[in-house]
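Student: I'm new to this structure and would like a close look at a single part of it. Could you pick a pair of helices and walk me through what is around them?

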Amino acid sequence: MNWDWEKLRENQQKYEKNKGGSGGGPGMPRPPQMDEIFNKFKGFKFPGIFIGIIVLLILYLASSTFYTVDRSEVGVVQRFGKYNRLAQPGLNFKLPSGIEKVTKVNVRTPETEEFGVQAAESAGAYGNASESSLMLTGDLNVGVVPWIVQYRRADPRAYLFNVKDVISLLRNMSEATMRTVVGDRSINEVITERAQIAQAAREMLQSELDNAKAGIAIVNIEMKRTNVPEPVQASFNQVNQAIQEKEQTIYKAREEYNKAVPLARGEAKRVIKDAEGYAIDRVNRAQGDATRFLAVYDAYNQAKDVTRNRMYLETMLNVLPKIGAKYIIDSDQKNVLPLLNMGEGASTLSDRFLQKGE
């Protein structure tokens, strides 16, 4: 609204002239009175621009006081920069901007951090691996160990206010943890036992983040294909081939051992069983012979002459058939004994002797 100062000055001069100039010094304008100002405002009409400003102000206040939080998020409300409360998913209310501020934090969707994965994949043979993936193993070999860390923001308050740069802390701790785990193992273990290394690194990293109160929960650590740097890859492959040949030779030797040793043990058991059977047979035979001899001895004691003659005759019965030419000499014979052919009819003669003995 523009004031008509000329008209006000004329009215003031007229007033001073009517009052005799008692309102002030000559040439000094009299300031407008309150009733004159109110009279002016009574006839004043607000233009459309003021209505627009008021509408925009209302919209601004509404947009700065009402907000929505997604299902996977949590709103962290700060009042004059200090933490005040957590806002759950849905429509929420806060004081206007400048008093309260809300920061939305995703607490459900996992996020990833890669360590040497892109460099390893682009290099193909791991010739241009990044420094984060080059590690010294426990047997003083250098390995290229790329991995991925999946995490989520478990505690939004701790995530926003406890650590200045959480991502930088996460990367540094992840690298330090992986180097510690890899440094306790040989290069062959690092290549073949990736699942065990990932589990050990996850537990250690989570413990370190909990101690730092970073508000981060490690979901998973995924180990990518581990190898050695390209300059030593050919030599490493030769060493692995030699190790495989050594193991193959050992396996073959064990196979032959498993075949020969059980066979020898079985043969030894068979020989032992045969010897035990032979011993039992000999003992039984000896016991039978002893029993038979004792029976003969008992019979001999009962009739010595008859038993002696029978034993003599039985012995002759077994011996004479095995003798070829036989000559019988009678010590009482004075003349030359005629030749008696005993080769034929020996059995008849033996029968005669037996009959005579009986």
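Tutor: Here is a walk through one helix pair, with a few stops nearby and further off. A word on the source comes before that: this is a predicted model, where local features need pLDDT of at least 70 and side-chain atom pairs count only at pLDDT 80 or more, while totals for chains, interfaces and linings use all residues. Residues are numbered from 1 along each chain as its sequence is written, and side-chain values use heavy atoms, with hydrogens and water left out.

The chain's secondary structure comes to 11 helices and 10 strands; helices (H or I, at least four residues) and strands (E, at least two) are DSSP runs, numbered from the N terminus. Our pair is α6, residues 166–183, and α8, residues 194–212. Their axes come within 9 Å and cross at roughly 135°. Axes here are lines fitted to C-alpha atoms, for helices over the stretch in contact, and angles run from 0 to 180 degrees between N-to-C directions. That makes α6 and α8 oblique to each other (under 35 degrees would be roughly parallel, over 145 roughly antiparallel, 65 to 115 roughly perpendicular, and the rest is oblique). The crossing of α6 and α8 is also right-handed, meaning that the near helix is turned clockwise from the far one by less than a right angle, with anticlockwise being left-handed.

So who does the touching? On the α6 side you'll find L169, L170, M173, S174, T177, M178, T180 and V181, and on the α8 side I197, A200, A201, M204, L205, E208, L209 and A212. Contact means heavy atoms within 4.5 Å. Sorted by class, this contact has 12 nonpolar, three polar and one charged residues. In this sorting, Ala, Val, Leu, Ile, Met, Phe, Trp, Tyr, Cys and Pro are nonpolar, Asp, Glu, Lys and Arg are charged, and the others, Gly among them, are polar.

Let's zoom in on S174, which sits in α6. With 3% relative accessibility, S174 counts as buried (buried is under 20% relative accessible area, exposed over 50%, partly exposed in between, with a 1.4 Å probe and protein chains only). Leaving out residues up to four places away in sequence, S174 touches F115, W147, V149 and L205. For the chain as a whole, buried residues make up 23% of the 358 residues.

Over in α8 there is E203, partly exposed at 48% relative accessibility. The C-alpha atoms of E203 and I221 are separated by 9.8 Å, and these two residues are 18 apart along the chain. Between α8 and β10 (216–223) comes a loop, and K213 has its place there. K213 has a positive phi of about 55° although it is not a glycine. Most residues other than glycine have a negative phi. K213 is exposed, with a relative accessible area of 57%.

One last stop is away from the pair. The structure holds three aromatic pairs, and in one of them the rings of Y83 and F161 have their centres 6.2 Å apart and their planes at 65°, so this pair is edge-to-face. The rule: rings of Phe, Tyr and Trp (its six-membered ring) pair if their centres lie within 6.5 Å, and planes under 30 degrees apart are stacked, over 60 edge-to-face and the rest tilted. Y83 belongs to strand β3 (residues 82–87) and F161 to helix α5 (residues 156–161), so the pair ties together parts 78 residues apart in sequence.
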